[in-house]
Structure formats: structure tokens, C-alpha cells
Amino acid sequence: MKKLIFEGAEAKTFLVEFNGKKAVEKERIPKKYREKKLDEKIRKERIKAEVNLLHKAKIAGIRTPIIYRIDYNKNSILMEWLNAKKIKEKINSMEKKEFIEIGKQISLLHLNSIVHGDLTSNNILIKKRKIFFIDFGLGFNSHKIEDFAVDLLGFKKTFLSSYPEKEQKWNWIEQGYLKSSKGKEVLKRIEEVEKRKRYL
Ligand SMILES: Nc1ncnc2c1ncn2[C@@H]1O[C@H](COP(=O)(O)OP(=O)(O)O)[C@@H](O)[C@H]1O
Ligand SMILES: [Mg+2]
């Protein structure tokens with residue numbers, strides 16, 4: 001069994017079977033505009049980075065899929081299938097607590113020097129109040145407040161462009177984020193980044 005579940009700009013994601021269980025296989029697709037050797041190298045590096053970050057997050061206590069196997073010939077990651085829904089699909093039935101939890105979990109990523117790089121309501125999953133993070137393909141390690149601010153601001157922008165009562169919901173996410181020791185500093189930096197952008 002191999003069923004395409006998502007085709008993005010960088011990767012194809014399939015539902016497959018592994019040891020009799022559902023699993024997810026994410027294959028990085030070649031980029032034709034890049035020279036072949038360079039493209040191979042970049043795809044391998046991104047896979048390595050994604051796996052490292054998924055693992056690092058898991059060790060920090062953040063829910064991410066378990067990695068089963070990395071295939072450097074196919075440039076793919078085989079991982080646990082999370083029986084959870086994208087928050088995008090659940091947002092209207094989610095409660096305040098759950099939004100606060102999302103903010104808390106993002107701050108936990110940052111406290112562990114993990115910048116996700118692509119925080120959207122497609123890359124955060126939910127199952128019975130539990131929050132999961134996937135898709136660390138654009139992520140990196142950093143201690144910088146600026147990087148955390150840009151990470152959270154990316155999420156804020158996509159978040160505020162959709163959903164009913166989005167301001168209230170976003171506020172709850174910020175409330176959760178503020179529970180961390182660096183929360184205030186990061187939110188302040190977001191304001192500065194937004195101001196800077198306005199004058200560009
Ligand atoms: N471990 C997983 N368990 C369940 N669904 C997943 C898993 N990984 C990815 N998906 C699904 O596949 C989609 C694409 O995966 P993602 O890693 O976000 O790739 P892309 O970089 O192309 O966005 C996700 O939005 C999600 O719906
Ligand atoms: Mg994604």
C-alpha cells in the first residue's frame with residue numbers, strides 16, 4: 001500500500017504500511033532548476049536536518065512522529081503515522097486551553113533552541129487535546145530571539161489571514177507562549193520586526 005496524501009513544493013508524502021502498521025513516508029522531490037549533484041546534496045542535507053530536529057524536539061518532550069528509517073537513495077523519511085488532525089481542520093471546535101497549549105509548545109521548541117521554520121495550521125496536529133508538530137524541513141537550531149520572533153511571526157501571519165474570531169484565538173496562543181521565560185522578549189521583538197518591515 002502506498003497512497004499519496006500530500007504533494008508540496010519540496011516533498012511528496014505517502015501513507016504506507018510498515019511492520020503491519022500505518023506509517024508515513026516523506027520523499028523530497030528533485031528540483032529541476034537545480035544542478036543534479038547540488039540538488040542531491042541539498043535534499044540529503046534537508047532530510048538530515050529534518051530528522052535531527054524531529055528527534056531533538058522529541059527528546060525535549062514535544063510530540064513529534066517517531067522516525068523509523070531514513071533512505072538516502074530515495075531521499076525519504078519513514079515515520080510514525082500520527083492519528084491526529086491538522087489544527088486547520090479542528091480550529092472551530094478547539095477550546096481556549098488548546099490554543100494556550102499550542103503557544104506553550106512553541107515556546108518549548110524555542111527554549112530548546114529549535115526554530116521550526118514553517119509554523120502553520122497544516123504543520124501542527126491535534127488529537128484529544130494533545131498537540132503534535134510535524135514538518136521540520138525548514139527548521140534549524142538557534143538561540144537568537146530574532147529567529148524565535150520571526151518563527152512565531154510567520155505563524156501569526158498565516159493564522160490571522162484565516163478563521164473566524166482569529167484575533168481571540170491568536171491571543172490565547174500568545175498567552176501560552178508568554179508562560180515561558182523568554183516569552184515577553186520574543187513578543188516584544190515581534191512588534192519591532194513588524195515595525196521594521198512596515199518601513200521597508
Ligand atoms: N507523521 C505524520 N502523521 C500523519 N500525517 C502526517 C505525518 N507527516 C505528514 N503528514 C501529513 O502530510 C502532510 C504533508 O507533510 P509535511 O511534512 O507537512 O510536508 P510538506 O513539507 O510537503 O508540507 C501534512 O500536512 C500532514 O497532513
Ligand atoms: Mg507541511
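Guide: Let's sort the residue classes first: Ala, Val, Leu, Ile, Met, Phe, Trp, Tyr, Cys and Pro count as nonpolar, Asp, Glu, Lys and Arg as charged, and the others, Gly among them, as polar. By that sorting, the shell around ligand 1 has 9 nonpolar, 5 polar and 5 charged residues. You're looking at a predicted model, where local features need pLDDT of at least 70, side-chain atom pairs count only at pLDDT 80 or more, and totals for chains, interfaces and linings use all residues. Residues are numbered from 1 along each chain as its sequence is written, while chains are lettered from A and ligands numbered from 1 in the order in which they are written.

Visitor: What makes a residue count as near a molecule, and which residues come nearest to ligand 1?

Guide: The C-beta atom, placed from the backbone, has to lie within 6 Å of the molecule. There are 19 residues around ligand 1, and Phe6, Gly8, Pro65, Leu82 and Asp135 come nearest. Strand 1 (2–7), strand 2 (11–18), strand 3 (21–28) and strand 5 (76–80) are the elements giving two or more residues to that shell; strands here are DSSP runs of E with at least two residues, helices are runs of H or I with at least four, and both are numbered from the N terminus.

Visitor: Which domains does the shell draw on?

Guide: Domain 1 (2–80) and domain 2 (85–198) each supply at least three residues, with bounds from an automatic or database domain assignment. Their C-alpha centres lie 23 Å apart. The contact (C-beta atoms, placed from the backbone, within 7 Å) takes 15 residues from domain 1 and 14 from domain 2. On the domain 1 side, helix 1 (residues 36–59) gives the largest share, 7 residues.

Visitor: Why is asparagine 75 called buried?

Guide: Buried takes 20 or more other C-beta atoms within 10 Å of a residue's own, exposed 12 or fewer, and partly exposed is in between, with C-beta atoms placed from the backbone. Asparagine 75 has 20, so it counts as buried. This asparagine is in the loop between strand 4 (67–71) and strand 5, and its phi is near 55°, a positive value in a residue other than glycine.

Visitor: And what about glutamate 165, buried or exposed?

Guide: Glutamate 165 has 10 such neighbours, so it is exposed. Its phi is also positive, about 50°, although it is not a glycine, and it is found in the loop between helix 4 and helix 5.

Visitor: What makes tyrosine 68 partly exposed?

Guide: Its count is 15, which falls between the two cut-offs, so partly exposed is the label. Tyrosine 68 lies in strand 4 and, leaving aside neighbours within four places in sequence, is in contact with Phe18, Ala23, Leu78, Met79 and Glu80.

Visitor: How do you know that the buried residues of helix 4 line one face?

Guide: The buried ones are Phe148, Ala149, Asp151, Leu152, Phe155 and Phe159. Seen down the axis of helix 4, they fall within an arc of 160°, so they line one face; the arc is that of the directions from the helix axis to the C-beta atoms. On the other side, Glu146 and Lys157 are exposed.

Visitor: What is the span of helix 4 set against?

Guide: The expected span is 1.5 Å times one less than the number of residues. Helix 4 (residues 145–160) has 16 residues and reaches 22 Å from its first C-alpha to its last, close to the 22 Å expected.

Note on methods. Two residues are in contact if their C-beta atoms, placed from the backbone, lie within 7 Å.
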